[in-house]
Amino acid sequence: MTGNLLEIRDLHKSYGDVEVLKGVDCTMVQGDVISIIGSSGSGKTTMLRCINMLEEFQGGSIRIDGQEIGYETVGGQRRRKSEKEIARQRALTGMAFQQFNLFPHMSAARNVMLGLMKVKKLSKEEARSIAEKWLDRVGLRARADHFPGQLSGGQQQRVAIARAIAMNPKLMLFDEVTSALDPELVNEVLQVIKTLAQEGMSMLLVTHEMRFAYEVSNRVIFMNQGRIGEEGNPREMFHKPRTERLSEFLKTSSFN
Amino acid sequence: MDIAHFLEILWLARIPILKGLGMTISISLLAICVGTVLGVFVGLALTYGARPLRWIVRIYTDFIRGTPVLVLVLASYYVLGTIGLDLNPFQAGILALAVFCSSHVGEIVRGALQSIPRGQTEAAKAIGLTFPQTFAYVLGPQALRQVLPAWVNTAAEMVKASTLLSIIGVAELLLRTQEIISRSFLSLEFYFFAGFLYFIINYAIERFGRYVERKTAVPS
């Protein structure tokens, strides 16, 4: 096998008759930070959600570290892997969501500990110490015993990132993590992601923050109508777009 | 109204009244417990069941919920016997109430589970939890908090519905009271007294519900 961390080949995904991904290819290696940009409905979020099987897909393949995700071919028949196996594979990636999705009935520390205890089978003490370490890293050690309802949006999102990353995933997926935040809270979340990126965490980000995509990523993918419209390093992409669609998109976006 | 006379009769009738009260509490408790356990399964089937199962359970709940409890009680006592299932009045009554309770609890559980945002399940999946784990640690505890107020209502309804078992001859509080009235002719006093006892039971259930709600409340 190649040394690719992520390998997406000819990914197809439809909702009924509507094809939202029309053959997407993408590879990334350890340490890559890739931003996916594009207008809404272009398939960015769907692509991200296919990677951890929050969406089913009808064609193509996704491999993480050489492991085929979600489906297997037995006797020429493509079929979905067992739920148990899929659950195990989902732990290869960590995901942060637009709406944070913290568990509201658990404290911040408990949110982080749940996966460590139930998926990684760590003891409560081990889980607690890992949770505290990561909450510290996102600047929320003092809020470990607060409940999500007692935290600001930015703080909740940082807890959600800690919850995902504490599981030690090979790849972090960020799905428009700042879109639901008040403008003054966006920065604290972006700062956390930036630090993680600098430390070599591999990540795939769907974002509308063009300035952030430009600064943090080593590669940018522009999605257009279910296909990759253009990809390359951020400098070329943002300053010298090769396609008409991308330059139009950049004009209407906040990057300037 | 002669208070002294009433108290004297009340004292004489204390044993049947206590027995009736005990019977009412046992009926209600049994019906609520069995009905709740059944109801949780009904709710799960309504929410997560495969299509044929969901339809069958949907028909079950709609049918039961649309039927008067009294009809269920009479049917379970008089009709089940004709198909060879011979239940005594107590068993038949519990069955009817539990079935009735299960359909209501099922709807409450379904409503609570469906009101939990999809993102909760997705977040649980994303950290690698299996569905049973997701239910046990993420969905269940959240649903429980939502179910509680409506469940307390249903439990109180069950206590009130237990009076219907007097019609098939279960010697619960209402039937005992009627027997006492037929001997003492103190109908106003004893109906009032029975009503007071029902109120006490339901008040206790409501306080208990409030207590659990407070204990499990999520800080915000």
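These are my notebook entries on chain B, the contact between chains A and B, and the cavities.

**Ground rules.** I'm working from a predicted model, where local features need pLDDT of at least 70 and side-chain atom pairs count only at pLDDT 80 or more, while totals for chains, interfaces and linings use all residues. Residues are numbered from 1 along each chain as its sequence is written, chains are lettered from A and ligands numbered from 1 in the order in which they are written, and side-chain values use heavy atoms, with hydrogens and water left out.

**Chain B.** I looked up the elements and found nine helices and zero strands (DSSP runs numbered from the N terminus: helices are H or I, at least four residues; strands are E, at least two). Read from the N terminus, the order is α-α-α-α-α-α-α-α-α. The C-alpha trace of chain B spans about 70 × 50 × 20 Å along its principal axes.

**Contact between A and B.** I count 25 residues from chain A and 21 residues from chain B in the contact (heavy atoms within 4.5 Å). The buried area is about 2,000 Å² (accessible area, 1.4 Å probe, lost on putting the two parts together, summed over both). Carbon and sulfur atoms give 66% of that area. On the chain A side, Phe103(A), His105(A) and Lys118(A) lose the most area to chain B, together 27% of what that side buries.

Next I checked the polar side of things. There is one salt bridge between the chains (a side-chain nitrogen of Lys or Arg within 4 Å of a carboxyl oxygen of Asp or Glu). Glu122(B) pairs with Arg49(A) in a salt bridge, with the closest N and O atoms 2.7 Å apart. Which elements of chain A each supply at least two residues of the side that touches chain B? They are helix 2 (83-90), strand 8 (93-96) and helix 3 (108-118). Helix 3 of chain A gives the largest share, three residues. By class, I get 13 nonpolar, seven polar and five charged residues on that side of chain A (Ala, Val, Leu, Ile, Met, Phe, Trp, Tyr, Cys and Pro are nonpolar; Asp, Glu, Lys and Arg charged; the others, Gly among them, polar).

**Cavities.** I found two cavities of 30 Å³ or more (on a 1 Å grid over the protein atoms alone, sets of points where a 1.4 Å probe fits but cannot get out). The largest has a volume of about 40 Å³ (the space filled by probe spheres set on the points, which are joined across faces, edges and corners). Its lining residues (an atom within 4 Å of a point) include Phe174(A), Glu176(A), Leu190(A) and Phe212(A). I sorted the lining by class: six nonpolar, two polar and one charged residues.

Conventions. 1 Å grid on protein atoms, 1.4 Å probe; cavity = no way out; pocket = protein on both sides within 12 Å on 5 of 7 lines; lining within 4 Å.
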